[in-house]
Structures are given as C-alpha cells and as structure tokens.
Amino acid sequence: MNLEFFVISLLNGVSYGLLLFMLSSGLTLIFSMMGVLNFAHTSFYMLGAYLAYSISGVVGFWPALFIAPLVVGALGAAFERYALRRVHKFGHVPELLVTFGLSYLILEIVQLVWGRSTVPYGLPAQLQGPLFSLYGTQFPKSRSFVMLVAMLMLVAVWLVLTRTRIGLVIQAALKQPEMVEALGHNVPRVFMLVFGGGCALAGLAGVIGGNTYVTEPAMAASVGSIIFVVVVVGGMGSLAGAFLASLIIGLVQTFAVALDYSLASALRSFGMAVTDQTFGYPVLKLTISQVAPILPYLFLVLILIFRPKGLLGTRED
C-alpha cells in the first residue's frame with residue numbers, strides 16, 4: 001500500500017463518512033427528541049438534491065445551498081404538524097408506518113416531477129477539478145467541500161444545542177417534557193422544529209451529495225439502510241456516536257472497495273497451497289472489494305451482539 005493510495009483513500013473515506021453523518025445526525029436528533037425512527041429521512045435527502053437541482057437552474061448553486069434545505073425543513077415540519085402528531089398518541093408502530101408511507105409518496109412525486117432517470121445536477125465551476133494532486137493521484141474539490149460543510153454543520157448543531165436558549169429547551173424537553181410545558185414552553189412546537197431541523201439537515205446533505213455523487217430516484221434507497229446502520233452502531237439518540245460510527249463505516253467501506261486482495265492470496269503468501277479443489281475455494285477467492293457492501297451490516301450484527309446500546313448510546317428504548 002503506497003502513500004498516495006493511503007492518503008487519498010483516507011480523505012475519501014472521511015468525506016463519505018461525514019456525508020453519512022450529515023444524514024444520520026438529523027435522524028439521531030429526531031429519535032433522541034421524539035423516539036421516532038423516521039423511515040422517510042433519506043427521502044428528504046433525495047428531495048433536497050432534486051430541489052437544489054431545480055433551484056440552481058434558476059438562481060445558481062450557492063443560493064440553492066441555503067434555499068433547498070429550508071424548503072425541505074419546512075416540508076418536514078408541516079408533515080410532523082399535520083400527520084405525524086396525529087398518530088403519535090397511537091404508539092410507535094403507526095409512526096413508523098406513516099413515515100414508511102411518506103417515503104414511497106416522496107419517491108412517486110419525485111418520479112412524476114423529474115422523471116425516472118438521472119438528472120444533470122452538476123457541480124458549480126468553483127468546485128470542479130482537483131484540490132491537490134499527490135504523486136499523480138487527485139483529490140477533488142467537491143469531496144473537500146462535503147467535509148467543510150459537514151464540519152460547519154457539526155459545530156453549528158453543537159452551538160445551538162449547548163449555547164442557545166432554544167437548545168436548552170430542546171434538551172430539557174427531551175428528559176422532562178411535562179416540566180418544560182409547565183414552565184410555559186410549547187413542547188409540541190419544539191418537537192415540530194426539531195423534526196423540521198432534522199429534515200433540513202438531510203436536505204443539506206442532498207444538496208451537496210447530489211452533485212458530488214449522483215441524483216436519481218434510487219439515491220434514497222442506496223443510503224437508507226446504511227444510515228440506519230450508522231444510527232444503531234453509534235447508539236440510538238447519540239450524536240457523538242453517530243459521528244464516530246459514520247467515520248468508521250466510511251473509512252472501512254472506502255478502503256475495502258479499493259483493496260483487491262482475497263483470503264486465497266493471503267494464504268498463498270504464507271506458503272499454503274490453495275487450488276480450485278481446495279474446500280471452500282469459491283469463498284476463499286472472494287476479494288475484500290467484493291465483500292465491502294456487507295461489511296457495515298456485519299459490523300451492525302457484531303455491535304448488536306456484544307454492545308446492544310451501540311458505541312456511545314445511552315437510550316434504553
């Protein structure tokens with residue numbers, strides 16, 4: 001493994017991990033506040049990408065970077081106010097079902113409005129090309145922009161939750177909602193703002209992830225399962241756990257995809273004779289890059305067996 005491969009793969013892994021964190025942070029905030037696992041969360045991510053594509057065609061990418069997440073957040077807040085709040089009193093299963101139905105509704109609306117194929121949501125001129133080259137291997141500006149936005153978002157969320165009045169009310173409503181309501185605060189409105197804020201974070205991830213990777217109707221499903229893996233591995237309701245799990249999964253997948261080694265080649269390097277007739281040879285010849293997609297789910301299973309609360313989780317339910 002040469003130096004340029006390691007450095008570029010490390011940066012790509014951190015960039016992908018931070019994008020996962022942008023998605024999982026909103027889902028984590030919603031769950032920690034309301035106990036709701038929003039199955040439509042990655043659909044808001046997709047919606048952010050498509051809205052940014054349309055808005056950027058009118059006013060440019062940079063205004064769309066701010067407008068699209070605000071629109072997605074407003075839609076999320078409206079959904080919580082007029083749909084999710086009505087089924088909240090019936091328990092968690094109706095909440096899951098209504099968000100599950102919303103994910104399909106958003107998918108159908110996206111396909112009706114923008115079509116079923118990929119849309120040409122490209123990078124602005126300022127983010128095109130490499131940021132730097134290392135021995136001929138380039139690291140793109142778009143990946144560094146994802147990292148920058150994710151870190152700014154992390155700092156902003158931390159400041160809001162720990163240094164502002166609304167942040168203190170949110171944290172208090174998480175543990176003692178009755179007391180907060182007795183003090184005169186509108187707890188349902190706080191829940192609506194948190195749900196809308198979580199959706200806005202997903203929309204922001206879509207704005208910068210859509211043109212860095214690809215904007216298509218399948219983009220929500222492609223990251224949906226990974227996001228729930230991140231949330232469970234990090235610990236349900238733990239923002240710090242989601243950050244740690246996102247980086248781990250991003251790095252593991254990035255390095256695994258780039259490695260073309262198999263167990264058979266490793267055994268041969270130790271002098272062991274491995275041929276087509278060796279027992280289990282089809283499994284032994286699978287490369288790390290081929291099994292890379294299942295590694296996060298393997299990690300999830302191990303976490304659930306040995307540490308059910310996740311890496312940094314504290315929530316019981």
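This briefing describes a helix, a pocket, a surface patch, a salt bridge and a loop residue in the structure above. The model is a predicted one, and every value below was computed from it. Its largest pocket holds about 960 Å³ of space, and a nonpolar patch of about 550 Å² lies on the surface.

**Helix 8**

- Helix 8 covers residues 187-212, and because each residue should add 1.5 Å, its 26 residues are expected to span 38 Å, which agrees with the 38 Å that separate its end C-alpha atoms.
- This helix is mostly covered, since 21 of its 26 residues are buried.

**The largest pocket**

- Rolling a probe the size of a water molecule over the atoms shows where empty space is left.
- The space in the largest pocket comes to about 960 Å³, and of the 33 residues that line this pocket, L29, V157, V160, L161 and L201 are the closest to its centre.
- At least two residues of the lining are supplied by each of helix 1 (3-34), helix 3, helix 5 (141-163), helix 6 (165-175) and helix 8.
- Helix 5 provides the largest share of this lining, with 10 residues.

**The nonpolar surface patch**

- The residues V58, V59, F66, I67, V71 and L75 together make a nonpolar surface patch of about 550 Å².
- Helix 2 (41-59) and helix 3 (61-88) each supply at least two residues of this patch, and helix 3 gives the most, with four residues.
- V59 is found in helix 2, and this residue counts as partly exposed because its relative accessibility is 44%, which lies between the limits of 20% for buried and 50% for exposed.

**The salt bridge**

- Side chains of opposite charge can pair when their charged atoms come close.
- The count of salt bridges in this model comes to one, and it is formed by R85 and E80, whose closest N and O atoms are 3.2 Å apart.
- The two partners differ in how they are covered, for R85 is partly exposed at 28% relative accessibility, whereas E80 is buried, with a relative accessible area of 3%.

**A buried loop residue**

- T287 lies in the loop between helix 12 (281-284) and helix 13 (288-291), and it is buried because its relative accessible area of 12% is under the 20% limit.
- Although T287 and D260 are 27 residues apart along the chain, their C-alpha atoms are separated by 5.5 Å.

How values were computed:
Residues are numbered from 1 along each chain as its sequence is written. This is a predicted model: local features need pLDDT of at least 70, side-chain atom pairs count only at pLDDT 80 or more; totals for chains, interfaces and linings use all residues. Side-chain values use heavy atoms; hydrogens and water are left out. The expected span of a helix is 1.5 Å times one less than its number of residues. Buried means under 20% relative accessible area, exposed over 50%, partly exposed in between (1.4 Å probe, protein chains only). Patches are made of residues with over 30% relative accessible area and no salt bridge: like charges are joined within 9 Å, nonpolar side chains (Val, Leu, Ile, Met, Phe, Trp, Tyr) within 5 Å. Accessible areas come from the Shrake-Rupley method with a 1.4 Å probe; for residues, only the protein chains shown count as cover. A salt bridge is a side-chain nitrogen of Lys or Arg within 4 Å of a carboxyl oxygen of Asp or Glu. On a 1 Å grid over the protein atoms alone, a cavity is a set of points where a 1.4 Å probe fits but cannot get out, and a pocket is an open set with protein on both sides within 12 Å along at least five of seven lines; lining residues have an atom within 4 Å of a point. Grid points are joined across faces, edges and corners, and a volume is the space filled by probe spheres set on the points.
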